[in-house]
Amino acid sequence: MKIPLVLMFSAGFLVSTQALADGAALARKSGCMACHTVDSRMVGPSFKEIAAKYKGDKEAAKTLARKVRTGGYGSFGSTPMLPAPASVSDDDIRKIVAWILSLN
């Protein structure tokens, strides 16, 4: 049985959309929202500001995942970002970063 190409693309889109929704939920669950919001600066930059800064950067996902895991300083001002808690898996960090980058 052949699956129409449109159906395959639709299924891929639904999986992608669900993965992004999972990233948003993981950001809330993982404590990211203690310092960040989607649209405006709080303690740290907004997620949209982060997405805009890294737009077009092919290494953005890798760079941001590393910063989330280890913490960082100086990218958006003088307030340091604490590392993600050990309870947040690398896979969850990748999902959160993919969601952030999708906000652009």
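How much space lies in the largest pocket? About 700 Å³. Keep in mind that this is a predicted model, so treat what follows as a look at that model.

Let's start with the walls of the pocket. A total of 35 residues line the largest pocket, and Cys35, His36, Pro45, Met81 and Leu82 are the ones nearest its centre. Helices pitch in too: H2 (47-53), H3 and H4 each give at least two residues to the lining. H4 gives the most, with four residues.

Now for two of those helices, H3 and H4. Two packed helices are described by the angle between their axes and the distance between the axes. Here, H3 (residues 60-70) and H4 (residues 90-102) pack at about 125°, and their axes are 9 Å apart. That angle is neither over 145 degrees nor in the 65 to 115 range, so the pair counts as oblique. The crossing is right-handed.

Which residues meet where H3 packs on H4? From H3 come Ala60, Ala61, Leu64, Ala65, Val68 and Arg69, and they meet Asp90, Ile93, Val97 and Leu101 in H4.

Here is how the two sets of residues split by class.

| Set of residues | Nonpolar | Polar | Charged |
|---|---|---|---|
| Lining of the largest pocket | 23 residues | 10 residues | two residues |
| Contact of H3 with H4 | eight residues | no residues | two residues |

Methods: Residues are numbered from 1 along each chain as its sequence is written. This is a predicted model: local features need pLDDT of at least 70, side-chain atom pairs count only at pLDDT 80 or more; totals for chains, interfaces and linings use all residues. Side-chain values use heavy atoms; hydrogens and water are left out. Axes are lines fitted to C-alpha atoms, for helices over the stretch in contact, and angles run from 0 to 180 degrees between N-to-C directions. Angles under 35 degrees count as roughly parallel, over 145 as roughly antiparallel, 65 to 115 as roughly perpendicular and the rest as oblique. A crossing is left-handed if the near helix is turned anticlockwise from the far one by less than a right angle, and right-handed if clockwise. Contact means heavy atoms within 4.5 Å. Ala, Val, Leu, Ile, Met, Phe, Trp, Tyr, Cys and Pro count as nonpolar, Asp, Glu, Lys and Arg as charged, and the others, Gly among them, as polar. On a 1 Å grid over the protein atoms alone, a cavity is a set of points where a 1.4 Å probe fits but cannot get out, and a pocket is an open set with protein on both sides within 12 Å along at least five of seven lines; lining residues have an atom within 4 Å of a point. Grid points are joined across faces, edges and corners, and a volume is the space filled by probe spheres set on the points.
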